[in-house]
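Trainee: I have a new structure open and don't know where to start. Can we go through it together?
Mentor: Yes, put it up.

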Amino acid sequence: MYIGVDYYPEQWPKERWKTDLELMKELGINVVRIGEFSWSLLEPEEGSYDFRLLDEAVSFIASYGMKVVLGTPTATPPAWLVQKYPEVLPVQEDGQTIGFGARRHYTVNSRVFRRMSRHIVEAMARRYGSLEAVIGWQTDNEYGHEKSDRSYGPRDQKAFQDWLKEKYGSLDDLNRRWGTVFWSQIYTDWAQIPVPRKVFQEHNPSLLLDFDRFCADAYTSYNKMQTDALRARIDKRQFITHNFVYTGLAQDQNAIAEDLDFISFDNYPVWGGLAEPIHPAAIARQHDLCRATKQGKGYWVMEELSGAQGWSQIGYLPRPGHLKLWTYQAISRGAEAIVYFRWRAARFGTEQFCHGILDHDGKPRRKFEEVRGVIQSLEPFADDFLEAVFPKEIGFYHDPENEWAWNIQPQSDNFSYPQEVLRFYEPAHALQMQTDIFREKEDLTDYKVLIVPVYFLAKKEMNEKFKQFAEAGGTIIFSYRTGVKDADNVVTDQTLPGELAELCGIEVHEYDSLRGERKGSVRGVRGALGGTGGNTEVWCDFIEPISAEVLAVYEDTWFDGKAAVTKNQYGKGTVYYVGSGLNRDMLLRLYKEAFTEAGLSLQMENTAVETVRRASGDVDYLSVMNHSTETAEHVELPAGSWKNASEKENEHVFKGLITLPPLTSIVLQKPKIT
Amino acid sequence: MYIGVDYYPEQWPKERWKTDLELMKELGINVVRIGEFSWSLLEPEEGSYDFRLLDEAVSFIASYGMKVVLGTPTATPPAWLVQKYPEVLPVQEDGQTIGFGARRHYTVNSRVFRRMSRHIVEAMARRYGSLEAVIGWQTDNEYGHEKSDRSYGPRDQKAFQDWLKEKYGSLDDLNRRWGTVFWSQIYTDWAQIPVPRKVFQEHNPSLLLDFDRFCADAYTSYNKMQTDALRARIDKRQFITHNFVYTGLAQDQNAIAEDLDFISFDNYPVWGGLAEPIHPAAIARQHDLCRATKQGKGYWVMEELSGAQGWSQIGYLPRPGHLKLWTYQAISRGAEAIVYFRWRAARFGTEQFCHGILDHDGKPRRKFEEVRGVIQSLEPFADDFLEAVFPKEIGFYHDPENEWAWNIQPQSDNFSYPQEVLRFYEPAHALQMQTDIFREKEDLTDYKVLIVPVYFLAKKEMNEKFKQFAEAGGTIIFSYRTGVKDADNVVTDQTLPGELAELCGIEVHEYDSLRGERKGSVRGVRGALGGTGGNTEVWCDFIEPISAEVLAVYEDTWFDGKAAVTKNQYGKGTVYYVGSGLNRDMLLRLYKEAFTEAGLSLQMENTAVETVRRASGDVDYLSVMNHSTETAEHVELPAGSWKNASEKENEHVFKGLITLPPLTSIVLQKPKIT
Amino acid sequence: MYIGVDYYPEQWPKERWKTDLELMKELGINVVRIGEFSWSLLEPEEGSYDFRLLDEAVSFIASYGMKVVLGTPTATPPAWLVQKYPEVLPVQEDGQTIGFGARRHYTVNSRVFRRMSRHIVEAMARRYGSLEAVIGWQTDNEYGHEKSDRSYGPRDQKAFQDWLKEKYGSLDDLNRRWGTVFWSQIYTDWAQIPVPRKVFQEHNPSLLLDFDRFCADAYTSYNKMQTDALRARIDKRQFITHNFVYTGLAQDQNAIAEDLDFISFDNYPVWGGLAEPIHPAAIARQHDLCRATKQGKGYWVMEELSGAQGWSQIGYLPRPGHLKLWTYQAISRGAEAIVYFRWRAARFGTEQFCHGILDHDGKPRRKFEEVRGVIQSLEPFADDFLEAVFPKEIGFYHDPENEWAWNIQPQSDNFSYPQEVLRFYEPAHALQMQTDIFREKEDLTDYKVLIVPVYFLAKKEMNEKFKQFAEAGGTIIFSYRTGVKDADNVVTDQTLPGELAELCGIEVHEYDSLRGERKGSVRGVRGALGGTGGNTEVWCDFIEPISAEVLAVYEDTWFDGKAAVTKNQYGKGTVYYVGSGLNRDMLLRLYKEAFTEAGLSLQMENTAVETVRRASGDVDYLSVMNHSTETAEHVELPAGSWKNASEKENEHVFKGLITLPPLTSIVLQKPKIT
């Protein structure tokens, strides 16, 4: 298994390299990522290359027996490039040009920038494409991060118009599908179509969604330009990857992933803007997303946080144990390599306060020792563990286009896509279920339950898959605002939930956006919800049951007794509809009922604890993690005697109820019971 | 009486028109507004017109016996126009140009835009000006809405300079009246005068007020261009109106109204940004404003909300009963026609979530039935009711220039013009008084009481009218910050309240702005206020009584005992001065005293209940409305036996104390007691 | 002693001048500042001067025996200048040009603007440089105020590049010291270096700090241009000063002060944006800053608030007594002249609501009488008092570059430089200690204690001075984040607190930024802190004591027991390190211990009371002020019998415990005990 560090040899005196590499060696590091911000060093003026320092660094690393991952340096175009070709700079929604001085200051819709990018990538490929120590490449760095996903300049507008021409063929078709007859927006010339710069009110939602698709496609093709340039010049054994972030960007990571050998992820459970780490379930869901980006394929964590992070603002200091916990969580959920960010905190530049395994003074201390412990603990089992497969239990729906549609029209000021997704994901996580994220293309056959929250932008083929899944006996849980839109971001003319109405066995005639401080109230009337009650948030669909039975109803002066949660038999399957932002307690009860009836066996419920079950050959693995920083948690192990996978001998036996101190993580294993 | 809908035939397949018109017919709809956003449809390229679809729609509507109101489509200039003449686009205060993609993307100070507007208006007038089914015209749509009232581009600057030249004649006069000697702003060339773009601090308040006047005048003349173009070409029987919004814009609705046959209003008691409807008194005041816009003349509600509204954010769902309540409130306070917005929710475009009588699926349901009920209930009495006159009781002062002056200098961060106006209006509304809004030109003779809140920008002729009114025996209630400014937005050099000092019988030497969390404390010492006390907000005028008597004083470490509320005899009249943002309870007590002493008879006080008294010939009408969504309210009827005006026979008799369930509204009538 | 007013004769009819001057005379005013915003009056077109009105005003004032301070009018470039040379306008960080219409609308990096400025200054100097009545000059007005300290236009960029070339000599040196190898920012041409306009993320902190230095230097050289132009033409007896504000601007007041005869300060303890006055200690610290700006030299308050202030927002009305209190505070802490802002509130222009001694109606009332009282009370002792010297007790560190560095990287969203400085200053103020502010150049020998809070940007020479000070027996109190950065804004590679580690006797290996609602908890374990405990905010340095002893530790799940406050013996001295934003109670206890052990005698502790001790010849002075608006406070006088310095005879004797009513201030005196 690869365990590495992100290293910036160019930022340190060469005299220090030796100390650094020896310390890495001592830790057990076997791979180093370098070079991804080195453009101005490698190409100090247009077309003139200077690889001396990079050559030296690669050789030096290789001399310690470590491998190298090289980043293409296109995330930071040099000052000379911007000076010579200012047109490469991106433009904000308000018309302001983003200047030189940080990173990601380019638009992928600049042809000059694509050409400049291709040249440096080709030059690097030629130089390092056959070098033994170089095992692979990372293209650019965190595409689209820091609002660089959308650009609104004249070059972007022209590219958008070309993209639309390609998509729609005729203006008549575009006008019809966008509904430009509304507000007199009929286009008679492609050149009239704007990028969505500031207007007095709001743009056409169909244009906005297509603009997001266009922005995503532009990055996909930019990346393909890089992978093509690399593949034509590098050894087949060298891989190509890209380190993604998943933060609601106008990016289609799955599409980009088609051109990569595998994907990578930059894992920061807490960063500069945060007082505390995000919820364990939110981290877990990001790993599920990584696994879903390339059809379940394992991925690298190319940047795994190792210290407090931040630019001008510094975030929460990860506590002792966090580093191992987040590493174990990543590996348990599908990461196949871990590269820690960063070896040592930089003394200068914007990221001075991105702390690493070493801090500014370069002395190994607590974090160094923690990394050492992690690597040692993984050694006995990691290679086998990476081969272990996940059980198929719960499929969780996610489609970036749906997220974009919600961002375009949140409909309630209390709606946030990540928060609502977490509302429906977290109880499954707390119930220790194995979740996979799926989009259109995945085979859903083996799942027991699908959770499909805020499925606002509904696509025909997906709708059909849902029907087939339920027909065949599966359980689906939908939420409020299901089936409202078609792929053009146009509202269905069928009664809600549109094409899913029969599947859910309901109609929705009225709904209420819960804005500001408003909350709704719900009372359970049947099944697991019978006798319960509580608040509900964000939105109320007032449901008319057709064939569905009612599990909970609203308490409301005017819509009292209207159905809030329903359950429908469809074919051999069961379809739930949760018409509101239900409180966690009721949602948890509902999930327990649904999961149990779907044949899944419940183990325990604990929001701080995360367990992951995998199996390799005849060995069962159980990852057990306590995310609480304050309290020890109890975990009831599945039947049998388990051992600590890190221990070569069976030094300790674990069975029944075990207690995990705060911030501890462990992988257990036992022979499969056959 | 006209009851109609806003309809967009161009947004639906023609096959659907029949269903729509039949449903409208079923409801009793007799007028349909169309066309106000159809420019790109009607003039697909400059000078080339295509009226086919509009012809067809008008004919089709007419074939059902309904009338048509045609909107001129200038609120949405087509894409080709913006492409060809980008100079028509408006410019924000920060220099950013507002782009194509929504609506109202034009500055009325563009000569090209005026010419293009005139051409399309003339073409429509020629085509439909003699058509039987067309009964009238709406110019443009909601002038100035969505911050389109002010534009800061070079064309606007030139027009502003021309407007100033016209107003002042000489730079010497302008320099003197604006006080440009302050901060070295003496202009020596008209071309030096800026529009108020971003500066390090704040512009000269005199320039700012003139800029608002200029913006208002520019729209008035733009509208006159349209009405002139129409009147020269249309039948005399066709009316011309415009649908206003009243939200503190740089617009002089009264001036625009001079060129209209009557005014219209778009009535949205709750919209996309609101968690709940605005206060009933705030809606009532907007209707008073409508009635005041053209000397008491009745008006149309051209857009009456019929469902939840919003763009990317959806507002509160109006509850069952709201639709009737708000319709009744409108008609009771002076609306002569109601046009519901909109027939059916659009499936595409920015206003997808502006719900209508029908929702996206086009099926008649609750709201359809509510409209049916409203129309049926109005049928027996509406035509007579519209003729009924209002008693003259209380005049409430409002001058847009005063509002602009406050917006320029709010003086306390707790000051909001709408909130302070509501502070002084609401208790009169709760006391079920009949209020009219007045400006300079109205005859005030018949009023008993004038309420003149936050009369900051005081004008000589108005001051004289107030003196005459009090002299003759009337009662006036002024508030803090009265008489501070003259018409040039310059502070008076007389002791405050300036020209009103003698009228109020006081002087104000010191005052304190209550910012942030600061509140004041007041204790009543005489009359209705004796023995009371409580908080006060926003502002404290510390009053020196000259001839006035003191009704309440401040409790303050340093200004303890200084007068806060005073009452002065002036001629035969009485003048109150409320020196602070007094709490509602004390203000209500003060109003009761003032109204009673002025000879008005008090009935009841209830902030949720609204009653309107009118009389037509020998019939008295009493509209009774309960705005509460939760509680039934009791209403003590005036003497006599009342009947439900909607019932043809005297099926029920109402007398004495009646109980109104939540969200109910009724018009009662009885023969006048003579 | 000079006591004056800021007067604007050009804003009033000449008929009024007589009344104004007679009223001033009646008060005892002896100096009048005029002219600082009169450019468009004096130079109505380029190169053509009109001094008639100013001549007349100066003569008129002189005819009353009063002196004149003339302001150069460059803070308000005329409209004709901006029309002719729009390039003088400043540019915001977002690229927006600041327009004409308020004040300070120029960049000092415009060569045209410097030339225009020089011409008007020279013309004024020629005309008034020998005039008897004119005793001195104020250059411009409040340099850098209202965000005018930084400009980001092309002229600024060029000047910045030139400044960098001058500073670094070679790009290699700049690249190395800024660390431009980070994120590929290596500059190969000076013209590539940006001003810090908007980027996707954040600029290099080294560039940002140099940009602040550049902006400060640009103003210093602009001011020097004015003082050179003046000095070449005016009498030696005429002084030159500038009225500073101290609000974290990119300004180096001390550098500017080198070209002035003395500095001035505009003292507004409450202004338009504030609900209440700032903390007494915050005002006191500003006076300390004034005294520190030119090596302890006395200064003028050129604008001393005399009424409520504000532009479109009006601030808190200063209560009766405030005017005297703030005047006494200023004089007690080093002001040598007081000029009240402003004589009378302007009727027009942006500052209509900057109230003065007279309000808009021009009638003398409360504030007039208060000023009369102040002037009369000062008369008996002021001249002697101004000569009195301050005891040297506590030196308080402040370096604007350190403040800029913190503004560039606050590191916690709870960090605010003024708030943290107040945290460490206020307890010393409450303990009635005499504080001086020092930077690099001051001689620290005589101080007993140095307080050095948030010493983030540490400079070598300063570090050495600290060591020498402690070595020699002094006490120093450092805070968290000491010694992190070097002068290039680069993080030290030594273990924290870097070069100060040995001095403090500690190391800091880990730290935690307390963001959002997070607080820390601390428990005292020794000395004055033993047995105490409480919250801590903003930041936690987890301290490893090396030679220091531990006074308090953290209570934290993971870092429990880590040192939070330490005390180290260094040479003959004592060095405290306060590793967190400690609560006031614990900090106060710590200060008491530190001050007492350092040989200072504690008198009392009261945050509302301020005492200042000075001595002149054989007279001791004690200023005693109660800042509370609500409560009387007790003050224990130092031994002996004191008299009221305002009383010529010993009418009252003060000794022992005296009681001060709210908002009272008094200067006591007694013969020195020898």
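Mentor: One term before we begin: two strands pair if DSSP finds at least two bridges between them. Also keep in mind that this is a predicted model.

Trainee: Okay, a place to use that term. What stands opposite Gln138(A)?
Mentor: Thr241(A), which is in E5(A), stands opposite Gln138(A). The two strands there are E4(A) and strand E5 (residues 239–241) of chain A, joined by 3 bridges and running parallel.

Trainee: And how many bridges join E3(A) to E4(A)?
Mentor: There are 4 bridges between E3(A) and E4(A), and these strands run parallel. Within that pairing, Val68(A) has Val134(A) in E4(A) as its bridge partner.

Trainee: Is E4(A) enclosed or not enclosed by the rest of the structure?
Mentor: Largely enclosed, because 4 of the 5 residues of E4(A) are buried.

Trainee: Let's step back. How many helices and strands does chain A have?
Mentor: Chain A has 18 helices and 27 strands.

Trainee: What radius of gyration does chain A have?
Mentor: 26 Å. A compact globule of 674 residues would have a value near 26 Å, so chain A agrees with that. Its C-alpha atoms fill a box of roughly 75 × 75 × 40 Å along the principal axes.

Trainee: How much of chain A counts as buried?
Mentor: 57% of the 674 residues. As for contacts between residues at least 6 apart in the sequence of chain A, 74% join residues at least 24 apart.

Trainee: Now a helix. How far does H5 of chain A reach?
Mentor: Helix H5 (residues 111–128) of chain A has 18 residues and reaches 26 Å from its first C-alpha to its last. That is close to the 26 Å expected at 1.5 Å a residue.

Trainee: Which residues of H5(A) are buried?
Mentor: Phe113(A), Met116(A), Ser117(A), Ile120(A), Val121(A), Met124(A), Ala125(A) and Tyr128(A). They are on the same side of H5(A), because they cover an arc of only 165 degrees around the axis.

Trainee: Then what is on the other side of H5(A)?
Mentor: Arg111(A) and Arg115(A) are there, and both are exposed.

Trainee: What do the buried residues of H5(A) pack against?
Mentor: Several elements of chain A, including strand E3 (67–71) and strand E4 (134–138), the strands we just discussed. Helix H8 (205–231) is also among them.

Trainee: Any other sheet in chain A? What is its strand order?
Mentor: An open sheet of 5 strands has the order E21-E22-E27-E24-E25, with antiparallel pairing. Strand E21 (609–616) and strand E25 (653–654) of chain A are the edge strands, each pairing on one side only.

Trainee: How many bridges join E24 to E25(A)?
Mentor: 2 bridges join strand E24 (residues 642–644) of chain A to E25(A). Trp642(A) has Phe654(A) in E25(A) as its bridge partner.

Trainee: Switching to the other chains. How many residues of chain B are in contact with chain A?
Mentor: 52 residues of chain B are in contact with 50 residues of chain A. On the chain B side, helix H2 (39–42) and helix H4 (79–84) each supply at least two residues. By class, that side has 21 nonpolar, 19 polar and 12 charged residues.

Trainee: And how many does the contact take from chain C and chain A?
Mentor: 50 residues from chain C and 52 residues from chain A. The largest share of the chain C side, 5 residues, comes from E14(C). By class, the chain C side has 18 nonpolar, 20 polar and 12 charged residues.

Trainee: While we're in chain C, is Tyr143(C) buried or exposed?
Mentor: Tyr143(C) counts as buried, because it has 25 C-beta neighbours inside 10 Å. It lies in the loop between strand E4 (134–138) and helix H6 (154–168) of chain C. Leaving aside neighbours within four places in sequence, Tyr143(C) is in contact with Tyr219(C), Asn223(C), His242(C) and Gln251(C).

Trainee: Last one, back in chain B. How many residues of helix H14 are buried?
Mentor: 8 of the 9 residues of helix H14 (residues 400–408) of chain B, so that helix is largely enclosed by the rest of the structure. Trp404(B) and Trp406(B) are among the buried ones. The buried residues of H14(B) pack against helix H8 (205–231) and helix H15 (417–430) of chain B.

Definitions and conventions
Residues are numbered from 1 along each chain as its sequence is written. Chains are lettered from A and ligands numbered from 1 in the order in which they are written. This is a predicted model: local features need pLDDT of at least 70, side-chain atom pairs count only at pLDDT 80 or more; totals for chains, interfaces and linings use all residues. The expected span of a helix is 1.5 Å times one less than its number of residues. A residue is buried if 20 or more other C-beta atoms lie within 10 Å of its own, exposed if 12 or fewer, and partly exposed in between; C-beta atoms are placed from the backbone. The arc is that of the directions from the helix axis to the C-beta atoms. Two residues are in contact if their C-beta atoms, placed from the backbone, lie within 7 Å. The radius of gyration is taken over C-alpha atoms; the globule rule is 2.2 Å times the number of residues to the power 0.38. Ala, Val, Leu, Ile, Met, Phe, Trp, Tyr, Cys and Pro count as nonpolar, Asp, Glu, Lys and Arg as charged, and the others, Gly among them, as polar.
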